[in-house]
Amino acid sequence: MTTGWVAFRQRMQGGPGGWAIGCACFAIAFGLRWVAGPVMGGLPFVTFFLAVLGTSAGAGWRVAMAVATASLLAAWYWFLPPFGSWALVWPDGPAALGFFVLVAGSQILLVEALFRQGARVAALLEQQRGLYSELQHRVANGIQSLASVLSVQAGQAMRAEAAGDVLHDAVRRLRSVAAVHRRLHDPELGGARFAEALEALTRDILRAAGREDVAVKVVVAPMPLSSAVASSLAMIVAEAIANSIKHGFAGREEGDLAISLTRPGPGLLRLEISDDGPGLGDTPPGEGTLGLMIMQGLAAQIGGVFRL
């Protein structure tokens, strides 16, 4: 059963097209039974079974019930003895009618069950296509962001004496991008479970840096988030955590890291990341610092502003 046929049947159900299918099936079944009357003398309903089956498959159970009722009455009047009468010969007549009702009803129920299962499969396939497209979009954005970062760092490596440090930062950022996509592969994590994904991402980064002694507190207000926003926020968090590890927790055995995402007003989001390190003092890092440039760029991508 193809998804195309399922979609066709859904369009036909209850509409003019469905009733046209039902009328055509009934007319063909009646015509064949009338022409082949002498041959099918003892089988008054055989062609009408096919009409009910075809209507069920093409037009849905409501139209099939109407065709089954019309077939029952037509066969009763014209093809059950005494012919051309509503009288019934006992017990053959009532038994034949009962047999038709049982078989036609079973056909309708079976076909309906099959198509409902087919509709569920079609919905799952559509969902899988959507998830695949979403995954492609997220990975493409991550690769584009990473390419921009590596381009900047390549320029630094050509000028810097400590090229090893630059390469180390590049590897760390590559791992961060991979961690973000690993944690956000589930579309639900862009909504009610974003706090869960954010906390897991934070602990992944701290564990990779050997800083499992840092206490983490994540507070996220329930809100729907698109994949683009969720990915950008997660990348900003990853970059901020790396900054805290490098500056806020340097030379310390323990530390506190707090992350919160709130909605201060309609259409607004506020992401805050803070640590209990010594702070910046009177000499904040320059505007050209790569980490700050990345966070500023990610914030701008989703229409936001980065403040330090």
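Student: What makes strand 1 (residues 214–220) and strand 2 (residues 255–262) count as paired?

Tutor: Seven bridges join strand 1 to strand 2, and the two run parallel; strands pair if DSSP finds at least two bridges between them, so seven bridges satisfy the rule. One of the partnerships is that of Ala-215 with Asp-256 in strand 2. The chain passes from strand 1 through helix 8 (residues 227–248) to strand 2, and this β-α-β crossover is left-handed, where right-handed would require, with the strands pointing away from the viewer, a clockwise path from the first strand over the helix to the second. The model is a predicted one, in which local features need pLDDT of at least 70 and side-chain atom pairs count only at pLDDT 80 or more, while totals for chains, interfaces and linings use all residues. Residues are numbered from 1 along each chain as its sequence is written, and side-chain values use heavy atoms, with hydrogens and water left out.

Student: How do you know in which sense strand 2 and strand 3 (residues 270–275) pair, and over how many bridges?

Tutor: Strand 2 and strand 3 are joined by six bridges in the antiparallel sense, and Leu-257 has Asp-275 in strand 3 as its bridge partner. The protein has nine helices and three strands, with helices taken as DSSP runs of H or I of at least four residues and strands as runs of E of at least two, numbered from the N terminus.

Student: Why is Ile-259 classed as buried or exposed?

Tutor: Ile-259, a residue of strand 2, has a relative accessible area of 2%; since buried means under 20%, exposed over 50% and partly exposed in between (1.4 Å probe, protein chains only), Ile-259 is buried. The residues that Ile-259 touches (heavy atoms within 4.5 Å), not counting those up to four places away in sequence, include Leu-198, Val-237, Ile-241 and Ile-273. The C-alpha atoms of Ile-259 and Ile-273 are separated by 4.6 Å, although these residues are 14 apart along the chain.

Student: What makes a set of residues here the largest nonpolar core, and which members touch the most others?

Tutor: A nonpolar core is a set of buried Ala, Val, Leu, Ile, Met, Phe, Trp, Tyr and Cys residues joined through side-chain atoms within 4.5 Å. The largest such set has 23 residues, and Phe-194, Leu-198, Leu-206, Leu-225, Ile-241 and Leu-261 touch the most other members. Helix 7, strand 1, helix 8 and strand 2 are the elements that give two or more residues to this core, and helix 8 gives the most, with eight. Ile-241, for its part, touches residues including Leu-206, Leu-257 and Ile-259, leaving aside those up to four places away in sequence. A second, separate core has 22 residues, among them Val-67, Phe-79, Leu-80 and Ala-96.

Student: How do you know whether Ser-244 is buried or exposed?

Tutor: Ser-244, placed in helix 8, has a relative accessible area of 4%, so it is buried. Beyond residues up to four places away in sequence, Ser-244 touches Phe-249, Leu-257 and Asp-275.

Student: What makes the approach of Arg-211 to Asp-213 a polar contact?

Tutor: The side chains of Arg-211 and Asp-213 meet at 3.1 Å, and a polar contact is a pair of N or O atoms within 3.5 Å, of which, within protein, one must be able to donate a hydrogen and the other to accept it, with residues adjacent in sequence counting only if both atoms are side-chain atoms. The side chain of Arg-211 also reaches the backbone oxygen of Phe-249 at 2.9 Å. Arg-211 lies in the loop between helix 7 (194–208) and strand 1, and its relative accessible area of 11% makes it buried.

Student: Why does the disulfide count come out as it does, given Cys-23 and Cys-25?

Tutor: A disulfide is a pair of cysteine sulfur atoms within 2.5 Å. The sulfur of Cys-23 has its closest cysteine sulfur in Cys-25, at 9.5 Å, which is too far for a bond, and so the count comes to zero disulfides. Cys-23 counts as exposed, because its relative accessibility is 53%.

Student: What makes the peptide bond between Pro-81 and Pro-82 notable, and what is its omega?

Tutor: That bond is cis, with omega about -5 degrees, whereas most peptide bonds are trans. The bond from Trp-90 to Pro-91 is also cis, with omega near 0 degrees. Pro-82 is found in the loop between helix 4 (61–79) and helix 5 (92–159), and Pro-91 is likewise in the loop between helix 4 and helix 5.
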